[in-house]
Amino acid sequence: MNRPEMIHLLTGVQSSKLNYYTELKKTIGELQKKNRQLEIMNTIMHSFNVNMSIQDMLKQTQETLQSVYKIDRLSLAMWEDGALKMADVYPEKASFLRKGTVLSSENSLYARVFSSGQDLLHSVQKGDDFFESEAFQALGFQSVWLFPLSSRGMITGVLGLATREIFSFSEEDRSFFDHLSGQFAVCIENARLYHEVLLSESRWASTFRAVPDSILVTDLDGTILTRNDSAAQSWPFEQTICTFLKPDRFHEAVQTELPCFEEVSIQNKVYECAYYPMLEDGELKGMIVYLKNITEKQFMQAQIIHSGQLAAIGEMAAGVAHELNNPLTAILGNAQLLLRLATNETKPLLEDIEECGKRCRTIIRSLLAFSRQEPSSFHPCSLNDAIYEALRLTGRQMEKQRIQLLIELNEQLPLVNGNLQQLSQIAVNLFINAKDACSEMQGEKRVWVKTEADQHFVYLHVQDNGCGIDADKLDEIFHPFFTTKSAHNGTGLGLSVSIGIAESHGGTLTVKSQPQKGSTFTLALPVLERTE
Amino acid sequence: MYKFVMPEVIFGSGSIYQAGECCKRLGARHVLVVTDRGVMDAGWTDPVLESCRKAGLAATLFHEVSVNPTDVEAAACAETYKESGCDAIIAVGGGSAIDSGKAAAALVANGGHIRDYEGVDRILSPLPPLVMVPTTAGSGSEVSQFSVIVDSVRQKKMTIVSKSLVPDIAVIDPDVLATKSARLTATTGLDVITHAIESFVSIAATPMTDVQAKNALALAARFLRPSVASKYNKEAKEKMAMASLQAGLAFSNAILGAAHAMSHTIGGRFPFLHGDINAVLLPHVMEFNLIACPEKFREVALLMGENVTRLSDREAGEKAIQSVKKLAVDIGAPLTLAEMGFHASAIPEISEIALTDACMITNPRDISAAEVAALLTRALA
Ligand SMILES: Nc1ncnc2c1ncn2[C@@H]1O[C@H](COP(=O)(O)OP(=O)(O)O)[C@@H](O)[C@H]1O
Ligand SMILES: [Fe+2]
Ligand SMILES: [Mg+2]
């Protein structure tokens, strides 16, 4: 300093005696700033809630800070999976390094603050060679102030305040931002924990929702509180389980506070229904109604039983038929011999014996066929041929009944591997049943016979507009000896023999029926596999 | 462009009894009265304490002030202020008590060590109300922006310069000078003359300081002898009080010169009276400075009552030097550093340090360490 300058300083036009007024103003100003800071801190912290996104937190903070500090950008770097990574930035357009960028390099300012735990006020210079320098310069920042975020004694990340003007600050500001970062860290941590809980909860929720069985949570009156997707599909609008479940078991579970089970059938489906009491601290709070659709399972079980029954009956029938065959031959032979010698008086009686004998023989033959005691050989054959054969045998009877036959056979029908006689027996059975179903009906009687094929199967549909079958009988009609017909007309063996033949061909015989409207029987047989 | 700063000034017989009221007006409730043993013994502390009582102010006394007040004393003084919960300071006494009061005020408002404020404009927070009651008519500190405190570690006088050190009110009561010994009157009187001459020839002098300096010099040259001669010459005392005040105003704004720079340095090392050192050094410094502004020295001679008609400026200047020397002889002031106990071996170091003193800056003639040493050698015997 040269002498004139020193003299100037000493006699000092520029310096004045300090006074308390300015001092007071400064103090008041500081107090006001402090108050504003406290206010800001309060506003920020109160506006935060746990399910707020970090982005929203930054936005809220920046906007609230605005009244005291002109911060152009807030940024966060967080420690994640063993690395310090760029996290959220507000405003989003002021981001350069992409979210997730790892800030591990030694010349990263964020990383420096993270590892030192000390805040750092950096004024951006032209020749800066930090990891973030390019970003700072591109965004036009003059000052960047970085604060470590620490929560529960651990540094969890770095909060960055960036300004496009040079940031001048006081010790007070530093302690304010220090405090702010502390609060921020806690909020972020809380949000993180909350989201973690939420996530695991949502995992549970989606598990609950995805269970294929229906789960309904009800109160103690059966009012539905929540239902999973499957339950929502079956009962989307029901308010209470009482509209589709009998409440007895439910009440029992409520009373005993023990799980109760029952099997119920709802809308043609069978459910295994469990009522699980929901206890909280020993107090019954509600009920979990668990409905497992077992229709399929039961059907399969029934089929197993069914085929078991068939096998038993078959064996028995074969024995019986064998035993009956010889005496019946004797009866029939003798009856025919006697007929030749018959008088007018005895003739009708003997004819009746012969008639009944023949009927017995038919039944025995059917029984034998049913029990597959007769050896059968399989050849490539056409289902159409079997139908022609059957039509030849039954056509006249249909005509007699004035039944209109509508035949639609697919001439390109693929062959099947089977026994023509047996297949035509199925067709005969179906035609006769159709005829019988129509016989009692008024009005036009029709029977449709149709064949078709897809890639794997050939189909025979036999449809009538006859009496139809009651729903509860649909299962039983395939049982041997089940018949609704008089003793003269029905043996109750037609369908059971037919289903046996269908199955021995690897096919199925199914029925659809509407009472009073008619029935459709469908025979499906696998297409002959050509080995080329 | 220049500036002139000064406190409110209350001047006149019996004004010492105003001290308490002055503080009250400045918002004080509890005053720290800074003084020294000598002043207490002379009985000038009592009227101040009494005036405080009358004004309804609590007062705490601090009297551990020595001739050349140290940083330690200033710190102790500040400590007493804080401990007692004071909110204003009255200093009663010579330059030592007043400078201690100022330093303590700076410390209570700014904290730290007084060393932190050495130099110009280092004080950042305003000081508590300062009311100064000078009892020696010499230092001028009651109106100045200076405080000179010894750094007990470096053994050096620190000059603290700040507009904030200008007291709020200076209460100048010439009656208090009556108790001064002839010896003390002489030495403080010579300080006044040194202030007047140095500030007058200072390169920072302004028309406003010149008025004060010239008046002070004229008064002191005329009334110092009678004042030393008799404790009871009321007129002489009053004139010396005015001379001291005006010289104070002059040097506070125009600063001083080489004599004070050296004097401050020696005072930091030896327990000599400030006025005595000045008295010995002043003629030598005047001789050295003469070529810088002979016309000013002519005026000095004139003001000191010398007949300079038909003399060249230079001759007139030399007369002024003679006049100062004569005055010193007349009032029995020491004439050489040696007789005061100063040793030649201290010269090199003193010269170095003196160069750095703030007062050196305004000395009218540029000066080197060698020249300072030469001056000291001449003053030695
Ligand atoms: N097309 C049909 N329409 C209505 N009911 C039928 C039809 N086909 C079969 N049924 C029912 O299934 C029962 C069993 O048929 P089946 O096994 O052929 O024995 P049967 O014809 O000797 O009664 C029949 O008695 C009848 O009640
Ligand atoms: Fe002095
Ligand atoms: Mg039948």
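How far is the sulfur of Cys356(A) from the closest cysteine sulfur, and in which residue does that closest sulfur lie? In this predicted model, the closest cysteine sulfur to that of Cys356(A) belongs to Cys360(A), at 6.8 Å, which is too far for a bond. A disulfide is a covalent bond between the sulfur atoms of two cysteines. The cut-off applied here is that the two sulfur atoms lie within 2.5 Å. Cys273(A) likewise remains without a bond, because its sulfur is 9.9 Å from the closest cysteine sulfur, which is in Cys260(A). The surroundings of these cysteines may also be described: Cys273(A) is buried, with a relative accessible area of 1%, whereas Cys356(A) is partly exposed, at 42%. Over all chains, the count by this rule is zero disulfides.

The two chains may now be considered in turn. Chain A has 532 residues, of which 40% count as buried. Its secondary structure consists of 13 helices and 17 strands. Among the contacts of chain A with a separation of 6 or more, 59% are made by residues 24 or more positions apart. The exposed area of chain A is about 30,900 Å², and carbon and sulfur atoms supply 52% of it.

Within chain A, the first two strands offer a convenient point of entry. Strand 1 of chain A, residues 73–80, pairs with strand 2 of chain A in the antiparallel sense, over six bridges. Together these strands form a hairpin with two residues between them. In the turn, Asp81(A) has a positive phi of about 45 degrees. Glu80(A) stands opposite Ala83(A), a residue of strand 2 of chain A. Strand 2 of chain A spans residues 83–90 and is mostly covered, eight of its eight residues being buried.

Strand 2 of chain A also leads to the largest cavity. This cavity has a volume of about 60 Å³, and four cavities of 30 Å³ or more are counted in the model. The lining of the largest cavity includes Arg73(A), Met86(A), Val89(A), Phe96(A), Glu132(A) and Phe136(A). Strand 2 of chain A and helix 5 of chain A, residues 133–139, each supply at least two residues of this lining. Helix 5 of chain A gives the most, with three residues.

Further along chain A, Thr491(A) is placed in the loop between strand 15 (457–464) and helix 13 (494–504). Thr491(A) is partly exposed, with a relative accessible area of 33%. With neighbours within four places in sequence left aside, Thr491(A) is in contact with Ile363(A) and Phe481(A). Phe481(A) is ten residues from Thr491(A) in sequence, and their C-alpha atoms are 6.0 Å apart in space.

Chain B has 381 residues, and buried residues make up 63% of them. The secondary structure of chain B comprises 15 helices and nine strands. Residues 24 or more positions apart account for 77% of the chain B contacts with a separation of 6 or more. Chain B exposes about 13,300 Å², of which carbon and sulfur atoms supply 53%.

Strand 2 of chain B, residues 30–34, is mostly covered, with five of its five residues buried. His30(B), Leu32(B) and Val34(B) point one way from this strand, while Val31(B) and Val33(B) point the other way, and all are buried. Strand 2 of chain B has two parallel pairings to follow. With strand 3 of chain B, residues 58–62, it pairs over five bridges, and Leu32(B) stands opposite Thr60(B). Strand 4 of chain B, residues 88–93, is joined to strand 2 of chain B by four bridges and runs parallel to it. In that pairing, Val33(B) has Ile90(B) as its bridge partner.

The second largest pocket brings several other elements of chain B into view. It holds about 810 Å³ of space and is lined by 40 residues. Of these, Val67(B), Gly94(B), Gly95(B), Ser96(B) and Thr136(B) lie nearest the centre of the pocket. The elements of chain B that give two or more residues to the lining include helix 2 (37–42), helix 5 (95–110), strand 7 (146–151) and helix 6 (182–201). Helix 9 (258–269) and helix 10 (274–289) of chain B are also among them. Helix 6 of chain B gives the most to this lining, with six residues.

Terms used
Residues numbered from 1 in each chain as written. Chains lettered and ligands numbered in written order. Predicted model: local features only at pLDDT ≥ 70, side-chain atom pairs only at ≥ 80, totals over all residues. Heavy atoms only, no water. Buried < 20%, exposed > 50% of the residue type's maximum accessible area, 1.4 Å probe, protein only. Pairing = 2+ DSSP bridges. Contact = heavy atoms within 4.5 Å. Areas by Shrake-Rupley, 256 points an atom, 1.4 Å probe, with all protein chains shown as cover. 1 Å grid on protein atoms, 1.4 Å probe; cavity = no way out; pocket = protein on both sides within 12 Å on 5 of 7 lines; lining within 4 Å. Points joined across faces, edges and corners; volume = space filled by probe spheres on them.
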